[in-house]
Amino acid sequence: MDEIEDFTEKLGEAELGETQMQIPHELPVLPLRDIVIYPFMIVPLFVSRDRSIKAVDEALSQNRMILLVSQKDVDKEEPTQEDLYKVGTVAVIMRMLKLPDGRIRILIQGLSRARVESVAIGNEYIKAVIEPITEPVTPVNSLEVEALVRNVRSLMERAASLGKNISPEVLAIIANLDDAGRLADLSASNLELKVGDAQTVLDMFDPILRLRRVNDLLSKEIDVLTVQQEINTQARADIDRSQREYFLRQQLKAIQGELGEGNELFEEIEQYRDKILKAKMPQPAEEESLRQLKKLERMHPDTAETATLRNWLDIMTELPWSTASKDNLVLKKAERILDEDHYGLERVKERIVEALAVRKLKEKPKGSILCLVGPPGVGKTSLGRSIARALNRKFIRLSLGGLHDEAEIRGHRRTYVGAMPGRIIQAVQQAATNNPLIMLDEIDKVGADFRGDPSSALLEVLDPEQNSSFRDNYLGVTFDLSNVMFMTTANVLDTIQPALRDRMEIIFLSGYTEEEKLEIARRHLLPKQIEENGLDKMDVKFERAAIKQIVGQYTQEAGLRQLEREIGKVCRKVARRKAELEAEFEPVKVTPQNVKDFLRAPKIFPDEVLKKDEIGIVTGLAWTAVGGDILFIEALKTKGKGKLLLTGQLGEVMQESAQAAFSYAKARASELGIDEDDFEKYDIHIHLPEGAIPKDGPSAGITMATAMVSVLSQRAVRKDVAMTGEITLRGNVLPIGGVKEKMLAARRAHIKTVILPAPNRRDLEDLPPEVKEDLIFVFVENVREVFRIALREKISVPEKSKNRSAKMAA
């Protein structure tokens, strides 16, 4: 295939003389790429393909004539007949030069158009049978031809004036050329047309149609050149304006230097400009920053607005627009760090490692927002710090407790005095990276008043689909928070706005068992308190039984804060003894016998099972914000008219559960061995001790029903049985929540058997192994099964219900 030099010369028109050369009907073919040759053109060509070189040799050995045909596909190395256009140009080879690299350079002149009848592709070169085209005679004195000729001449001059590379010699030839066909070919050859457009001109044999086609192409080219010139003019104007601003600034700088003023402001402006360019902000943020910088440049340095603008620019340039810390993607290392910092909490650790695995496989995943829900002191906040260390991210904690103003999240507008960004943007600025781990602590304690609802503002922050374009009111531009890993903590879910809760993945952290507290105290709390109180490891030693006694008799919590305080109290007393005795100090060993010497009398009286089976007293299980607890429900019948009296500061839901149990007992009195007249002769009084503490919820339904049936049927309740479950009017037992906390409370109280609703069987998976070993679980579907298990004297019940009781010893 031919290689055509980029600076191809188009030398214009060449006369062939008076004698018309005789064109044979079969000629060797030279396929062309990226160019169309017209008759009367003189063009140099580089020929490199073997077949093409042999075709040139064949032409030189015969009559020096060769057929030039353009290829449809410029990348085809061995073109076939289908790859060549149907019309080409017969040309004569005027000169040939062999080059050192094996190529040849030829100078050709087009003679005439020719139609390709057939193509024969041989081993040596390509041959074609052609039909030379005789050009029709142009009508003399035709107004259309005259108009087209003049128009084409004018357009060619216009194209040259707009910057088209047309030599003056070609323009001179065009000005004196009257032949329509030759004018069309010469004009088309100087327009640098695409091969397809140039071939359409070659395919037209009628000179008038060809000139009209060239006129259309010239008009289109003029339009393109006009737009191009406008773009160049605008670009040149922008460059001139920038140069003018530069010279004016230099002059202003010189004038201010002579006057001895303005140097500091100028240097400050330049520093801000450098910071803006180095911050690699998104284009809208950078444009806004530069616009505000120009505004600052025109201000008087002593105005109040100047100080406001400086603060805004400081924050904009300090934000980590493009600075990010590199994540630790080694899963084993992350697991080791999490295990070092926290004992247990397997579900949370597993979820974090899963998120890290996804991050390892996908560069920028859209993860969910984790919300850790649990009692105080179980390690929610410290877990966030540990996760940040495992991921190698900066950790920022924001406490949302008591937050009322929406502007604390979204920021204040700069028009206000003392305006500042929201706490989210401040946290990112403080972290100095755009991918920190931000812990939103106590999200359940966010308030709302006339200043707005911060929970609603958090909806955008905590939505992975929206926070990529978070707009802070103070900044006035969007900031991408999608790289930030958000985590939240809460004690309860009830106070969190539903839409906000829907955006978070809830992970519940239950209270610790006694064994877990002992292990955590040994691994973490003891070394920490020994170090904080200035002691050495050998100065004090805690026996395991002593720690167990502190846990059981001096703390009553789901978390570890009170336990840490009690251990700290012991360490402080040891530290005082060491400071007083100095050289005479001997290491202290804390044992169950001397715990009282350090902590005085026990503070907690642990809940224990009843001493004996009693009528009308049932052990229930309750969930609280600080963990589980056991609850004694007392029932008493007194002379009256069948009323139900409830005391102990019960909520509406609990009162309705008691009423449902009372109605069930009345409806099934005969089955339960109760005299129906008792409901007319006696009032039933149900009381829950610790009346100062509000109580609510449906889970005490079966407990109150058992207490009622016990007192009405005068049957004692087993002292070692505790129960929890909601009751319906039909006597069905419905599932409840907080199973783990309630089971821990039952184990602390040394209860042996626990009655649970059958659907709660699946919750046993979350229980520690030691709890499963110490408790016997009985799952029930109807309250009659509860009566049969909990009441001492056996009650006659239908045979069908006897088979429903399911007892499982884990």
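Here is a friendly conversation between a trainee and a mentor about the structure above.

Trainee: What kind of model is this, and how are residues numbered?

Mentor: This is a predicted model, in which local features need pLDDT of at least 70, side-chain atom pairs count only at pLDDT 80 or more, and totals for chains, interfaces and linings use all residues. Side-chain values use heavy atoms, with hydrogens and water left out, and residues are numbered from 1 along each chain as its sequence is written.

Trainee: Let's start with helices. How do helix α10 and helix α11 run relative to each other?

Mentor: Two packed helices are described by the angle between their axes and the distance between the axes. Helices (H or I, at least four residues) and strands (E, at least two) are DSSP runs, numbered from the N terminus, while axes are lines fitted to C-alpha atoms, for helices over the stretch in contact, with angles from 0 to 180 degrees between N-to-C directions. Helix α10 (residues 331-341) and helix α11 (residues 346-361) pack at about 155°, with axes 10 Å apart. Angles under 35 degrees count as roughly parallel, over 145 as roughly antiparallel, 65 to 115 as roughly perpendicular and the rest as oblique, so α10 is roughly antiparallel to α11.

Trainee: How many nonpolar residues does the contact of α10 with α11 have?

Mentor: Contact means heavy atoms within 4.5 Å, and here L331, A334, E335, L338 and D339 of α10 meet K349, I352, V353, L356 and A357 of α11. Ala, Val, Leu, Ile, Met, Phe, Trp, Tyr, Cys and Pro count as nonpolar, Asp, Glu, Lys and Arg as charged, and the others, Gly among them, as polar. By class, the contact of α10 with α11 has 3 charged residues, no polar ones, and nonpolar residues numbering 7.

Trainee: Are α2 and α4 roughly parallel or roughly antiparallel to each other?

Mentor: Helix α2 (residues 143-161) and helix α4 (residues 180-189) have axes 11 Å apart and pack at an angle of about 25°. Therefore α2 and α4 are roughly parallel to each other.

Trainee: Which residues of α4 make the contact with α2?

Mentor: On the α2 side, V145, V149, V152 and M156 take part. The residues of the contact of α2 with α4 divide into 6 nonpolar, 1 polar and no charged. On the α4 side, the contact is made by A180, L183 and S187.

Trainee: Now the strands. How many residues of strand β3 are buried?

Mentor: Buried means under 20% relative accessible area, exposed over 50%, and partly exposed in between (1.4 Å probe, protein chains only). In β3 (residues 42-47), I42, P44 and F46 on one side and V43, L45 and V47 on the other are all buried. The count for β3 is 6 of its 6 residues.

Trainee: Which residue in β6 stands opposite P44?

Mentor: Two strands pair if DSSP finds at least two bridges between them. β3 and strand β6 (residues 104-121) pair in the antiparallel sense over 6 bridges. Opposite P44 in β6 stands L107.

Trainee: Which are the edge strands of the open sheet?

Mentor: The open sheet has 5 strands in the order β9-β10-β13-β8-β14, with parallel pairing. The twist averages 25° from one strand to the next. Each edge strand pairs on one side only, and these strands are β9 (395-399) and β14 (504-508).

Trainee: What is the bridge partner of V373 in β13?

Mentor: Strand β8 (residues 369-373) and strand β13 (residues 485-490) pair in the parallel sense over 4 bridges. In β13, the bridge partner of V373 is A490.

Trainee: Is A432 buried or partly exposed?

Mentor: A432 is found in the loop between α14 (423-431) and β10 (437-441). Phi of A432 is near 65°, a positive value in a residue other than glycine. Most residues other than glycine have a negative phi. With a relative accessibility of 40%, A432 counts as partly exposed.

Trainee: And what is the relative accessible area of H750?

Mentor: H750 lies in the loop between α24 (739-748) and β24 (753-757), and its phi is also positive, near 60°. α24 itself is mostly covered, with 9 of its 10 residues buried. H750, in turn, is exposed, with a relative accessible area of 51%.

Trainee: Finally, how far apart in space are D101 and V69?

Mentor: D101 sits in the loop between β5 (87-98) and β6, and is exposed at 53% relative accessible area. D101 and V69 are 32 residues apart in sequence. In space, C-alpha to C-alpha, they are apart by 25 Å.
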